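Reader: Hi, can you walk me through this one? I'm new to it.

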Amino acid sequence: KKRNSHFSDVPSSAVSTKLTNLAIISSIYLAVSIFQWIFRVIIIERLFFDPFHSMIDLCSIANISILTLTHSLHGYYIHGRSVHGEADIDMARMNRNLHKEQENLCAKRGLERSNDLQTYIVNLPKAFLEQFASASQISENEQHRLDAMLSNNIDGATAKMETIAKIHQQLNNFFMELIERGNAQMTYVFRELSLLELILDMEFNDSAIVGNFAKDKSEMAYSKAFMYGNEWIYLSFELALFSSTFILSENYACSIFITYAVSTAIKKTLSLLFTNQLIRSSFVDHRFLM
């Protein structure tokens with residue numbers, strides 16, 4: 001019989017190419033990553049352990065508030081001031097305090113007294129930078145006192161710790177003044193993010209003179225300040241690295257090994273850099289971050 005000319009040019013067997021192999025392995029990698037993310041968000045974080053919401057609770061129990069700046073005037077704030085006014089207590093008293101919160105027998109946890117919202121997206125006024133720089137420096141009198149300590153055979157580590165402790169105290173007072181609106185040049189207002197701002201991840205209000213604390217009702221926005229909250233960015237990098245190495249080497253094992261090695265090296269390096277940055281920016285002695 002005469003063969004149909006329409007099928008005469010179709011090969012009898014499929015041919016595997018570099019691009020088809022890359023497409024298959026990339027699809028598998030992406031599918032497994034999506035499954036892991038869904039499993040963690042829906043099952044692990046909801047039923048067993050939610051690190052971000054646990055951190056908010058820890059801040060409240062420890063009576064610590066956190067201001068994290070991802071840009072010079074933009075960042076995230078966790079209001080962790082204890083409604084009980086204390087944190088250094090025993091387990092029994094802590095349990096009673098938590099019971100009071102559960103039964104609504106005490107004040108709200110939130111920065112606004114009318115609700116329990118503790119997380120905000122902050123945009124600070126320009127005056128913040130100048131006053132922050134001033135609070136990060138010790139006064140001339142304090143410098144003379146530290147010099148006197150060194151001249152009295154006080155070791156350098158002790159004198160350095162005195163400097164760090166003094167600056168830490170100044171910064172603590174500075175941030176308390178900021179949050180409590182005790183400085184007219186660094187005032188702020190509370191606001192709700194519009195739907196368009198949420199979709200575009202942008203803010204349209206001018207905060208050059210008056211800052212704003214945008215309410216983060218999801219209590220998850222501050223996760224962008226951590227590697228843990230940027231899984232998709234990290235996944236995109238790993239997938240791009242794997243694809244590049246596979247195109248060059250055409251070897252699955254080699255591509256997997258290089259991707260794993262580079263990924264591990266980046267994690268270790270970032271962990272070290274983040275710790276050093278935390279020591280410098282928060283003026284916390286490295287011995288407390290071991």
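Author: Let's go from the overall fold to the core, the rings, a cavity and a single serine. Keep in mind that this is a predicted model.

Reader: Fine. How many helices and strands does the chain have?

Author: There are nine helices and five strands. In sequence order they run α-α-β-β-α-β-α-α-α-β-α-β-α-α.

Reader: What share of the residues is buried?

Author: Buried residues make up 28% of the 290 in the chain.

Reader: And the contacts, what share joins residues at least 24 apart?

Author: That share is 63%, counted among contacts between residues at least 6 apart in sequence.

Reader: On to the core. How many residues are in the largest nonpolar one?

Author: It has 18 residues. Those with the most contacts inside it are Y77, L111, Y120, L124, F128, I179 and F213.

Reader: Which elements give two or more residues to it?

Author: Strand β3 (119–123) does, and so do the helices α4 (127–135) and α6 (156–179). The most comes from α6, with five residues.

Reader: Where is the other core, and what's in it?

Author: It lies apart from the largest one and has 10 residues. Y76, I78, A221 and Y222 are among them.

Reader: Back to Y120. What does it touch?

Author: Leaving out residues up to four places away in sequence, Y120 touches G75, Y76, Y77, L111, E112, N115, F190, F213, A214, K215 and D216. Y120 also belongs to an aromatic cluster with Y77, Y188, F190 and F213.

Reader: Rings, then. How many aromatic pairs are there?

Author: The structure holds 18. Take F128 and F175: their ring centres are 6.4 Å apart.

Reader: Why does that pair count as tilted?

Author: The planes of F128 and F175 meet at 35 degrees, so the pair is tilted. Stacked would need under 30 degrees, and edge-to-face over 60.

Reader: Where do the two rings sit in the chain?

Author: F128 is in helix α4 and F175 in helix α6. They are 47 residues apart, so the pair links distant parts of the chain.

Reader: Is F128 buried or exposed?

Author: F128 is buried, at 2% relative accessible area. F175 is partly exposed, at 26%.

Reader: New topic. How many cavities of 30 Å³ or more turn up?

Author: A search of the whole structure finds one. The largest cavity has a volume of about 90 Å³.

Reader: Which residues line it?

Author: The lining of the largest cavity is S60, I61, S82, H84, E86, A87, I89, M94, N97, L98, E101 and R109. Five are nonpolar, four polar and three charged.

Reader: Which helices supply at least two of them?

Author: Both α2 (51–62) and α3 (91–102) do. The largest share, four residues, comes from α3.

Reader: Last one, S26. Where is it found?

Author: S26 is in helix α1, which covers residues 18–48.

Reader: Why does S26 count as buried?

Author: Its relative accessibility is 14%, and buried means under 20%.

Reader: What is S26 in contact with?

Author: L239 and S243, setting aside neighbours within four places in sequence.

Definitions and conventions: Residues are numbered from 1 along each chain as its sequence is written. This is a predicted model: local features need pLDDT of at least 70, side-chain atom pairs count only at pLDDT 80 or more; totals for chains, interfaces and linings use all residues. Side-chain values use heavy atoms; hydrogens and water are left out. A nonpolar core is a set of buried Ala, Val, Leu, Ile, Met, Phe, Trp, Tyr and Cys residues joined through side-chain atoms within 4.5 Å. Buried means under 20% relative accessible area, exposed over 50%, partly exposed in between (1.4 Å probe, protein chains only). Contact means heavy atoms within 4.5 Å. On a 1 Å grid over the protein atoms alone, a cavity is a set of points where a 1.4 Å probe fits but cannot get out, and a pocket is an open set with protein on both sides within 12 Å along at least five of seven lines; lining residues have an atom within 4 Å of a point. Grid points are joined across faces, edges and corners, and a volume is the space filled by probe spheres set on the points. Ala, Val, Leu, Ile, Met, Phe, Trp, Tyr, Cys and Pro count as nonpolar, Asp, Glu, Lys and Arg as charged, and the others, Gly among them, as polar. Rings of Phe, Tyr and Trp (its six-membered ring) pair if their centres lie within 6.5 Å; planes under 30 degrees apart count as stacked, over 60 as edge-to-face and the rest as tilted.
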